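Thank you all for coming; I would like to walk you slowly through one structure today, starting from an empty space inside and working outward to the residues around it. Please have a look at the sequence and the model before I go on.

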Amino acid sequence: MKPRRGRYGPEDALAVADPSELETAIFRAVQESIVNIARHAHAESVLIQGSLEGGALTVEVEDDGDGFKVEDVVHAHDSMRGVGLLGMRERAAAVGGALTIEHGRDGRGTLIQLRASGGSTLSGR
């Protein structure tokens, strides 16, 4: 995500029928990410950033910890493993967004991105 400084105009607004749903989805995704980092990643640093451009919101949480294979966690035999990740994806989908989880940009750690776009998906019910 490229940092953007300056003024934001109407073209950057995110049209949302219920902003509190989107706010809650973002808060919970970031919160769950931080909890997972603290419990599992052995990270030294975490970067949380967001951008809003052209009606599309992106929030990223990136750490420099151990990283993990998403499929190993989601398909684990331990019934409680991966529940937080599943909840994050469900919340993102509920507000018309998507959650992606991948290796950090430098090959270490994890990068979690929540993307949501305005328009009919978020504002039309």
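Let me begin with what I mean by a cavity: on a 1 Å grid over the protein atoms alone, a cavity is a set of points where a 1.4 Å probe fits but cannot get out, and its lining residues have an atom within 4 Å of a point. Grid points are joined across faces, edges and corners, and a volume is the space filled by probe spheres set on the points. I should also say at once that this is a predicted model, in which local features need pLDDT of at least 70 and side-chain atom pairs count only at pLDDT 80 or more, while totals for chains, interfaces and linings use all residues. Residues are numbered from 1 along each chain as its sequence is written, and side-chain values use heavy atoms, with hydrogens and water left out.

With that in place, a search of the whole structure gives two cavities of 30 Å³ or more, and the largest has a volume of about 50 Å³. Which residues line the largest cavity? They are I26, A29, V30, S33, V59, E60, V61, L99, I112 and L114. The elements giving two or more residues to this lining are helix 1 (19-41), strand 2 and strand 4 (110-117), where helices (H or I, at least four residues) and strands (E, at least two) are DSSP runs numbered from the N terminus. Helix 1 supplies the largest share, four residues. By class, the lining has eight nonpolar residues, one polar and one charged, counting Ala, Val, Leu, Ile, Met, Phe, Trp, Tyr, Cys and Pro as nonpolar, Asp, Glu, Lys and Arg as charged, and the others, Gly among them, as polar.

Let me turn to the strands. Strand 2, residues 56-63, pairs with strand 4 in the antiparallel sense over seven bridges, pairing being called when DSSP finds at least two bridges between two strands. Within that pairing, L57 has A116 of strand 4 as its bridge partner. On strand 3, residues 97-103, seven bridges again lead to strand 4, and these two strands also run antiparallel; here T100 stands opposite Q113. The hairpin of strand 3 and strand 4 has six residues between the strands, and in it G107 takes a positive phi near 90°.

Now, is E60 buried or exposed? E60 is buried, because its relative accessible area is 3%, and the cut-offs are under 20% for buried, over 50% for exposed and partly exposed in between, with a 1.4 Å probe and protein chains only. Strand 4 is mostly covered as well, with six of its eight residues buried.

Side chains of opposite charge can pair when their charged atoms come close. The structure holds two salt bridges, each a side-chain nitrogen of Lys or Arg within 4 Å of a carboxyl oxygen of Asp or Glu. R105 forms one with E60, the closest N and O atoms being 2.8 Å apart; R105 lies in the loop between strand 3 and strand 4 and E60 in strand 2, so the pair ties together parts that are 45 residues apart in sequence. E62 forms a salt bridge with R105 too, at 2.7 Å between the closest N and O atoms, and shared partners thus join E60, E62 and R105 into one network. In that network E62 is buried at 13% relative accessible area, whereas R105 is partly exposed at 46%.

Methods
On a 1 Å grid over the protein atoms alone, a cavity is a set of points where a 1.4 Å probe fits but cannot get out, and a pocket is an open set with protein on both sides within 12 Å along at least five of seven lines; lining residues have an atom within 4 Å of a point.
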